[in-house]
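The following report describes one protein chain, moving from strand pairing to overall form and then to two buried sites. The sequence and the structure come first.

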Amino acid sequence: MKAVVYETFATPPKVMDLPTPTPSAEGVVIRVMATGVCRSDWHGWMGHDTDIILPHVPGHEFAGIVEAVGPRVERFKVGDRVTAPFVNGCGRCPECHSGNQQVCGDQTQPGFSHWGSFAEFVAVHLADLNLVPLPETIDYAVAASLGCRFVTSFRAVVDQGKVSAGEWVAVHGCGGVGLSAIMIAKSVGANVIAVDIADDKLALARSLGAVATVNATSIPDVSEHIMDLTRGGAHASFDALGHTATCINSINSLRPRGRHVQVGLLLAEHARPPIPMGKVIAQELEILGSHGMQAHRYENILAMIETGLLAPERLLGRTISLDQSIDVLMNMDYGTDPGVTVVTEF
């Protein structure tokens, strides 16, 4: 199969011909019809994820068609349209038994724990637990954009942040995760403030429902500005980027008893931000993490898409070829185009 491969970290990947994966007894192999290019893939390529074994094929946001099925798979067959969360559970641990596969201690992640979807084919283990049927009404490129950013934001906003109608919500970072969070928070009736350093991303954020935008390069104190806009602080605030500055700004922009949700990965030099614990204690703030979303929760989000309450297709940016994904991946830390970039040509 044709695939993007890097043999050492932080050096240019190559398009190579590799063996097509075969399914495990309880797994499937999927013909990839679309795969997103995500900042998490960049972190992996840079070597920030210590679980990656080289040589490696990145890619964890995908949708496609079941190509081969293991003998113990019951719910899926060859030809089914499918997608999958980026965290796949083991099915045996207490977290999986409680329905929280997103924090499974023995999880697998295509594109991290094993070869991913920057390829013509990708394997998914324990398909009956981790695979999601894809309705005919949802395009492959749209479904691929769900796999990490949109569903991660859905869990962050709805399940972890518990955002409700009328609340003030601040979203720090308007990449794919942030823009998804804005749309989802808007869909449940929140007043959303979008923060970024790029005017084109802020314009897209406003078109998706943000009631106010803040360019962090032109505001001396982002947190203070949000406190003024919200007349006391956000009820919930999300770091959708994963940076020391956005994490601290998010916490400092909260009102008493507010909720900070860390969605963006804090890695490398940003792994240990100086959390203002004095404010956290004095104002009884909540600090929450959010890590993907379980396969069984997709039913809710897919229903909202089919009825038009959510429109993730509005977040799509460029569609590119597998060959073009190399340049996009390598340049993700130097600013990206608005919207989600998806590979649709293999």
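Two strands are taken to pair if DSSP finds at least two bridges between them. The model discussed here is a predicted one, and with that criterion in mind the strand β15, residues 340-345, can be placed between its partners. Strand β3, residues 28-36, runs antiparallel to β15 and is joined to it by two bridges, and within this pairing Thr35 has Val343 of β15 as its bridge partner. Strand β14, residues 316-321, instead runs parallel to β15, with four bridges joining the two; here Ser321 is bridged to Glu345 of β15.

| Strand joined to β15 | Direction and bridges | Bridge partners |
|---|---|---|
| β3 (residues 28-36) | antiparallel, two bridges | Thr35 and Val343 |
| β14 (residues 316-321) | parallel, four bridges | Ser321 and Glu345 |

In total the chain holds eleven helices and 15 strands. Its radius of gyration is 19 Å, close to the 20 Å that the globule rule gives for 346 residues, and the chain is therefore as compact as a globular protein of that length. The C-alpha trace spans about 60 × 40 × 35 Å along its principal axes. Of the 346 residues, 54% count as buried, and among contacts with a separation of 6 or more, 71% come from residues 24 or more positions apart. The accessible surface amounts to about 14000 Å², and carbon and sulfur atoms contribute 53% of that area. As for charge, there are 24 positive and 36 negative side chains, and the centres of these two sets lie 5 Å apart.

Helix α8, residues 244-252, offers a view of the interior, since its buried residues are Thr246, Cys247, Ile248, Ser250 and Ile251. The cover over these buried residues includes the strands β8 (168-172), β11 (234-239), β12 (254-262) and β13 (286-289), together with the helices α7 (222-229) and α9 (277-282).

Is Met293, a residue of the loop between β13 and α10 (298-306), buried or exposed? Its relative accessible area is 1%, and because buried means under 20%, Met293 is counted as buried. Apart from neighbours within four places in sequence, Met293 is in contact with Pro85, Gln102, Val151, Phe154, Arg155, Tyr298 and Ile301. By contrast, the C-alpha atoms of Met293 and Met227, which are 66 residues apart along the chain, are separated by 30 Å.

Methods: Residues numbered from 1 in each chain as written. Predicted model: local features only at pLDDT ≥ 70, side-chain atom pairs only at ≥ 80, totals over all residues. Heavy atoms only, no water. Rg over C-alpha atoms; globule rule 2.2 N^0.38 Å. Buried < 20%, exposed > 50% of the residue type's maximum accessible area, 1.4 Å probe, protein only. Contact = heavy atoms within 4.5 Å. Areas by Shrake-Rupley, 256 points an atom, 1.4 Å probe, with all protein chains shown as cover. Lys, Arg positive; Asp, Glu negative; His and termini not counted. Charge placed at Lys NZ, Arg CZ, Asp CG, Glu CD.
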